Amino acid sequence: MKVTVYPEPTNDETEIFSSTISSGINFDKFDHIAVKVSGENPPRPIESFKTANLRKYVLDNVLKAGYRKPTPIQKNAIPIIMSGRDLMGCAQTGSGKTAAFLVPIINMLLQDPKDLISENGCAQPQVIIVSPTRELTLQIFNEARKFSYGSVLKVAVAYGGTAVRHQGDNIARGCHILVATPGRLHDFVERNRVSFGSVRFVVLDEADRMLDMGFMPSIEKMMLHPTMVETTKRQTLMFSATFPEDIQHLAGRFLNNYLFVAVGIVGGASTDVEQIFIEVTKYEKRNSLKQLIEENDGKRILVFVETKRNADFIAAMLSEQQLLTSSIHGDRMQREREEALQNFKSGKHCILVATAVAARGLDIKNVDIVVNYDLPKSIDEYVHRIGRTGRVGNRGKAVSFYDSDQDLALVADLSKILRQADQSVPDFLKGGGTATFKGNKYGGSDVRNFNNANTAVVDQGQEPEEEW
Ligand SMILES: Nc1ncnc2c1ncn2[C@@H]1O[C@H](COP(=O)(O)OP(=O)(O)OP(=O)(O)O)[C@@H](O)[C@H]1O
């Protein structure tokens with residue numbers, strides 16, 4: 001595998017602040033979503049950024065990013081984090097979870113600065129943020145640079161497919177915030193380039209994914225590392241749009257007397273995404289896709305497929321039809337992956353064919369339609385995928401090809417997700433077994449069952465190959 005050395009990230013203010021998606025016409029509807037906070041003594045939510053006791057730098061950056069009003073997860077998470085508590089936060093896709101943790105963390109680092117330690121080439125970051133994919137890690141890094149812009153804080157990034165030495169040197173110069181994929185982070189820890197003795201915050205973004213079987217070993221290595229500060233002396237924060245109960249149980253041992261915030265239905269789909277299903281056989285999918293693209297000429301379309309091979313195949317097929325198409329999956333070189341994403345973001349290519357690597361967290365402006373060419377195996381993955389459109393109060397559309405030979409197991413969950421988002425359920429999705437999805441109309445559930453719920457040729461590192 002070839003690896004890439006990147007130029008330094010931009011310091012251009014306009015560029016740094018331009019990545020935000022402008023909020024859409026349904027932004028104010030966020031205020032009507034039920035919020036459930038459980039756990040001991042939750043602080044009161046904030047009403048506005050201006051009254052949140054943020055330092056001037058941080059507030060200025062929030063306003064420069066175009067944020068006028070906090071989203072519900074921000075209203076709750078900001079005071080919870082600023083009061084020193086641990087948090088498990090669940091809110092729908094595209095509702096501002098990233099700023100919900102970055103803004104208070106950056107504020108606290110500036111409010112109560114601690115010396116930056118880096119000894120013998122081994123850095124001791126004060127904040128570790130991990131996320132499951134390289135592109136999401138890079139996105140969070142850019143967001144962290146945005147909200148700390150103009151301050152003394154140093155932010156570094158570590159993810160696979162890029163030169164180890166270059167990233168390692170940056171980190172070793174000392175960083176307050178390190179945003180990383182677990183594989184590359186572990187690599188740096190093994191090489192004695194990073195240790196956890198100065199950690200004040202650990203954030204797991206897409207936490208349910210970080211704690212599932214695939215990533216749990218890496219997360220355990222970090223959380224149980226001999227240098228890691230114990231749970232009572234750091235803050236641990238976990239965020240996702242989906243949080244299955246078995247994963248919440250696993251998460252508990254890394255948290256200390258945490259608060260649980262559920263905005264709307266835990267694991268529910270964004271109600272701003274219109275969900276359409278087309279019943280097809282696997283032989284009809286190609287033509288159905290071509291027809292859909294023809295009918296939506298010029299729209300920006302993100303197509304999800306299950307396998308890397310199929311991603312290449314579909315992208316090649318569309319390119320042959322003179323449709324400007326990129327693809328992103330785990331067998332492509334990192335430079336190609338980032339280029340594909342950039343081409344899609346900039347509108348140079350209207351179509352991006354992707355595997356699950358692009359399902360979570362990516363915040364891309366103007367995605368008009370998400371297509372599930374192949375439906376995913378789990379309902380949570382479906383919720384994340386369709387959440388690439390319909391973000392921050394904008395409307396979006398998801399079209400899924402349903403093949404009863406492949407997708408029968410998902411029927412009950414899909415019809416539940418549709419009903420809870422007040423959308424009609426097609427006949428072929430009615431009456432199919434028991435849903436596994438645990439959401440309910442009144443906000444999700446905290447597995448602890450609190451009664452006091454307050455409704456209110458470069459070294460390329462040892463990172464393992466990616467499955468997606
Ligand atoms: N208060 C706000 N006002 C306006 N825009 C906002 C606000 N908060 C966040 N945004 C913007 O909304 C978009 C979505 O935010 P973000 O990516 O944090 O969502 P998320 O909840 O993490 O979604 P996902 O579950 O898909 O990861 C971003 O472009 C972000 O800049």
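In the ligand site, an oxygen atom of the ligand sits 2.5 Å from an N or O atom in the side chain of D363. Bear in mind that this is a predicted model. The protein covers 97% of the 640 Å² of accessible area that the ligand has on its own. Here's a quick tour of that site, and then of a six-stranded sheet.

**Around the ligand**

- The ligand has 22 residues around it, and those that come nearest are Y67, K69, K97, T98 and D363.
- Sorted by character, this shell holds six nonpolar, 10 polar and six charged residues.
- K69 uses its backbone: one of its N or O atoms there lies 2.8 Å from a nitrogen atom of the ligand.
- E206 brings in its side chain, where an N or O atom is 3.4 Å from an oxygen atom of the ligand.

**The sheet**

- Six strands with parallel pairing make up an open sheet, and reading across you get β11-β16-β15-β12-β14-β13.
- β11 (273-279) and β13 (325-328) are the edge strands, each with a single partner, so one side of each has no neighbour in the sheet.
- On average, neighbouring strands here are turned by 20 degrees against each other, if you ignore direction.
- Inside the sheet, β12 (residues 301-304) and β14 (residues 351-354) pair in the parallel sense over four bridges.
- In that pairing, F304 stands opposite A354 of β14.

**The helix on the sheet**

- Helix α11 (residues 285-295) packs on the sheet and touches β12, β14, β15 (369-372) and β16 (396-402).
- The direction of α11 makes about 160 degrees with that of β16.

Terms used:
Residues are numbered from 1 along each chain as its sequence is written. This is a predicted model: local features need pLDDT of at least 70, side-chain atom pairs count only at pLDDT 80 or more; totals for chains, interfaces and linings use all residues. Side-chain values use heavy atoms; hydrogens and water are left out. Two strands pair if DSSP finds at least two bridges between them. Helices (H or I, at least four residues) and strands (E, at least two) are DSSP runs, numbered from the N terminus. Axes are lines fitted to C-alpha atoms, for helices over the stretch in contact, and angles run from 0 to 180 degrees between N-to-C directions. Contact means heavy atoms within 4.5 Å. A residue is near a molecule or strand if one of its heavy atoms lies within 4 Å of it. A polar contact is a pair of N or O atoms within 3.5 Å; within protein, one must be able to donate a hydrogen and the other to accept it, and residues adjacent in sequence count only if both atoms are side-chain atoms. Accessible areas come from the Shrake-Rupley method with a 1.4 Å probe; for residues, only the protein chains shown count as cover. Ala, Val, Leu, Ile, Met, Phe, Trp, Tyr, Cys and Pro count as nonpolar, Asp, Glu, Lys and Arg as charged, and the others, Gly among them, as polar.
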